[in-house]
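Dear colleague,

I am passing on a structure that you have not worked with before, and below it you will find an account of what was found. Please read the account with the structure open beside it.

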Amino acid sequence: MRSEFHPGRLVAGLVLMTTAVVYFGDAGGAWDVPWFAGIPLVGGGLCLAAVVGMVRRMTALRSRGSAPDPAPQTPAGLNK
């Protein structure tokens, strides 16, 4: 049984592994990385992963010919 492909998760995993390699290289003395370098790496990578995931979802919905679910509506009795 094969699982469904999620490119957003792939991007997130690659970004987190890249950040780990950068810090392992710093710990091993290969190069000098400032302590705050991980913030833009992880933050930007997770934003990129979110965009990739949303684009994948929109293309999947468009190929099926359906629109995304609208916002849930409140029942008529709760609008008081």
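**Contacts between the helices**

Apart from its neighbours within four places in sequence, Thr19 is in contact with Gly38, Leu41 and Val42. Please keep in mind throughout that this is a predicted model. Thr19 itself sits in helix α1, and its relative accessible area of 8% makes it a buried residue, because buried here means under 20%.

Val11 is another residue of helix α1, and it too is buried, with a relative accessible area of 18%. When its neighbours within four places in sequence are left aside, Val11 touches Gly45, Leu48, Ala49 and Val52. The C-alpha atom of Val11 also lies 9.1 Å from that of Gly53, although 42 residues separate the two along the chain.

Arg9, which likewise belongs to helix α1, is exposed, with a relative accessibility of 63%. Its C-alpha atom is nevertheless separated by 6.7 Å from that of Ala49, a residue 40 places away along the chain.

**Helix α2**

Helix α2 covers residues 38–64, which gives it 27 residues, and from its first C-alpha to its last it reaches 39 Å, close to the 39 Å expected at 1.5 Å a residue. Which residues of α2 are buried? They are Gly38, Gly45, Ala49 and Leu61, and what covers them includes α1. Gly38 appears among the contacts of Thr19, while Gly45 and Ala49 appear among those of Val11. After the end of α2 comes Gly65, whose phi is positive, near 85 degrees.

**The surface and the aromatic pair**

On the surface there is a nonpolar patch formed by Phe5, Leu10, Leu14 and Met17, which together have about 420 Å² of accessible area. One of these residues, Phe5, lies in the segment before α1, the helix that runs over residues 7–27.

How many aromatic pairs does the model contain? The count, for rings whose centres lie within 6.5 Å, comes to one aromatic pair. The rings of Trp35 and Phe36 have centres 5.6 Å apart and planes at 90 degrees, so the pair is edge-to-face, a label that applies to planes over 60 degrees apart. Trp35 is exposed, with a relative accessible area of 68%, whereas Phe36 is partly exposed, at 45%.

**The protein as a whole**

Taken as a whole, the protein has two helices and zero strands. Of its 80 residues, 18% count as buried, and its accessible surface comes to about 6700 Å², of which 68% belongs to carbon and sulfur atoms. Among the contacts between residues at least 6 apart in sequence, 47% join residues at least 24 apart.

If you have time for one part of the model, I would suggest beginning with Thr19 and its contacts with Gly38, Leu41 and Val42, and then moving to Val11 and its contacts with Gly45, Leu48, Ala49 and Val52.

With best wishes

Notes. Residues are numbered from 1 along each chain as its sequence is written. This is a predicted model: local features need pLDDT of at least 70, side-chain atom pairs count only at pLDDT 80 or more; totals for chains, interfaces and linings use all residues. Side-chain values use heavy atoms; hydrogens and water are left out. Patches are made of residues with over 30% relative accessible area and no salt bridge: like charges are joined within 9 Å, nonpolar side chains (Val, Leu, Ile, Met, Phe, Trp, Tyr) within 5 Å. Accessible areas come from the Shrake-Rupley method with a 1.4 Å probe; for residues, only the protein chains shown count as cover. A salt bridge is a side-chain nitrogen of Lys or Arg within 4 Å of a carboxyl oxygen of Asp or Glu. Helices (H or I, at least four residues) and strands (E, at least two) are DSSP runs, numbered from the N terminus. Rings of Phe, Tyr and Trp (its six-membered ring) pair if their centres lie within 6.5 Å; planes under 30 degrees apart count as stacked, over 60 as edge-to-face and the rest as tilted. Buried means under 20% relative accessible area, exposed over 50%, partly exposed in between (1.4 Å probe, protein chains only). Contact means heavy atoms within 4.5 Å. The expected span of a helix is 1.5 Å times one less than its number of residues.
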